[in-house]
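Me: I would like a close look at a single part, the interface. Please start from the strand pairing there and then work outwards to the sheets.

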Amino acid sequence: MDLPEFPPKVGVGDFGEALWNPEAATPPGLIGPDGLTAPKRFNVYRNNVIVSLCDALEQTFPALQNLLGEDYFKALARAFVVQHPPKSPVLIWYGSDFPDFIEAFPPLASYPYLADVARVEWAWVQAYHAADVAPLDPAALGSVDPNVLGSIRFEKHPAAALIMSSWPVWDLARANRFEPDEEIRVDLDRSQSVLIARPEFDVELLQLRPGGDVFLNALLSGATLGEAAALAEGQVAEFSLSDCLSDCLSIGVFTDLVTA
Amino acid sequence: MSVQPSRPDRTDATVPARAGAGLKAEHVEEILTSSADIGFFEVHAENYMGAGGKPHRQLEAIRDVYPLSLHGVGLSIGGEQPLDKDHLQRLAALNKRYEPGLFSEHLAWSTHDTTYYNDLLPVPYDKATLDRVCEHIEEVQDVVGRKMLLENPSTYVAFEQSTMSEIDFLKEITRRTGCGLLLDVNNVYVSCTNHERSAETYLSEFPIGDVGEIHLGGHAPDVDDAGRPLLIDAHDREVDDAVWPLYEMIVSQTGPLPTLIEWDNEVPVWSVLLAEAQAAERILHRASATGLQRAV
């Protein structure tokens, strides 16, 4: 008899390893009512793990699913889940590296705009769950001494994010998720940057005007108002400081301003 | 016992011995505008671990009007490694913020190493696991500062290495830690069917004096390798016809207990979920009438 003397012990490590690998054998010691190893029963757990995590990605990235189609998205999500399983039980934080994964996924190399669409969707979820902080009152700017206006800096609102893209992400995100009923013609030769913020409880998206992305990117990196405006004016002829600043203030990109 | 909430505009924390429902974001507005007549709501703690935004705003609004049960699904109490201290702190913070009348977690594991598996995975019923689970529950109760309820699992495989029954395992846990039990009657039916045991016998042996809450939910039928029935705890449909009599059998012995309808996938419109809760409540009324007769 080569039966083991004691029943095989199944550690959670063995269990977990076998969950990820559909080719792996069911760990011996996991049995059905007849006392025999039960692969189909073990597959229920395999299926629960993979499917529930793919569902979590589907909830975070619906525009991407729309662009790729349900079947392709499922296959892509499955590949991601196996290589990048979550590290936290809080699934609203799961998927931060999905955009980078898509960018580096060889079969999708000829669709380089997909990763930026995913970045917009990731920023949307983070904005949705961000801390409740009152945005800066636009009137606060009026009380700043005009002589020091150029040297003020802004503090970013926890919900705010800027996605700078070489692709028409604004149109792609609207057509595939946020404004599905609008007739939006996506022109892949255009580049668009999207601002995401949550002035109160609803997440808002805004397409930045020309130079607005350069300007806001500089502000969010710690530049003064004067430095950011000069940078944007130097790079983009049509840049309008007042329009871009009022866009940012209207959807609550900042919480506070700091005078030097 | 009545617990005074910390905010004057908030209703009492105590979860009544009535039926409740799992809270879904898409139902919140209808629940509040219709002032739905229901005993309580239960939420998965992990869905409210973001810093702010609409989920918290909705839950605050619900909590003002209804008692709440906080149900964790990701602590991995049955895991082989120490509990995630950050996650435990998040659970403690939610308990403090929302003052739920009930707080529960599962007899299962879901994290190993740094990986979170997002499923309630089974544990062997042996001494090493028992010791570990008890240590973990004591830690939870210490950090969160209250008694917790532990839910019996639905399982698809058994461990050959198990040396005790699930019932003895649960009894020993409550004896050592003082925790209560969340009796999921659907899980009992699913597990007993899957392991070819009698659900009635299981329930007759269950330590019903420790039960603080009951769960009811729907399951999906499948078959195993040998063509035997294999039920999947899917929470995607009505409570099965076979589960209601088991529920009635239990509450006729315990008297009315807070009872939750779980419906997490293929979530129906609010009226359908409410109707399930009302069906449970009719059984609770009958149980309370039987209890009165017994008392007389």
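Reply: Two strands are taken as paired when DSSP finds at least two bridges between them; strands (E, at least two residues) and helices (H or I, at least four) are DSSP runs numbered from the N terminus. The model is predicted, so local features need pLDDT of at least 70 and side-chain atom pairs count only at pLDDT 80 or more, while totals for chains, interfaces and linings use all residues. Residues are numbered from 1 along each chain as its sequence is written, and chains are lettered from A and ligands numbered from 1 in the order in which they are written.

Strand E1 of chain A, residues 30-31, pairs with E8(B) across the interface; the sense is antiparallel and there are two bridges. Within this pairing, Ile31(A) has Ala158(B) of E8(B) as its bridge partner.

On the wider interface, 43 residues of chain A are in contact with 38 residues of chain B (C-beta atoms, placed from the backbone, within 7 Å). Several elements of chain B each supply at least two residues to the side that touches chain A: helix H2 (54-65) and the strands E5 (109-112), E6 (115-121), E8 (158-159) and E12 (229-232). The most comes from E6(B), which gives six residues to that side. By residue class, the side of chain B that touches chain A holds 15 nonpolar, 14 polar and nine charged residues (Asp, Glu, Lys and Arg are charged; Ala, Val, Leu, Ile, Met, Phe, Trp, Tyr, Cys and Pro are nonpolar; the others, Gly among them, are polar).

Chain B also has a barrel, closed by eight strands in the order E1-E2-E3-E4-E7-E9-E10-E13 with parallel pairing. Its neighbouring strands are turned against each other by 30 degrees on average, direction ignored (axes are lines fitted to C-alpha atoms, for helices over the stretch in contact, and angles run from 0 to 180 degrees between N-to-C directions). In this barrel, strand E10 (211-217) and strand E13 (259-262) of chain B run parallel and are joined by four bridges. Gly217(B) faces Glu262(B) of E13(B) there.

In chain A, three strands form an open sheet in the order E3-E4-E5, paired antiparallel. Strands E3 (161-163) and E5 (204-207) of chain A are at the edges, each with a single partner strand, and therefore one side of each has no neighbour in the sheet. From one strand to the next the twist averages 20 degrees. Three bridges link E3(A) to strand E4 of chain A, residues 194-197, in the antiparallel sense. Ala161(A) has Ile196(A) in E4(A) as its bridge partner.

How values were computed
Contact = placed C-beta atoms within 7 Å.
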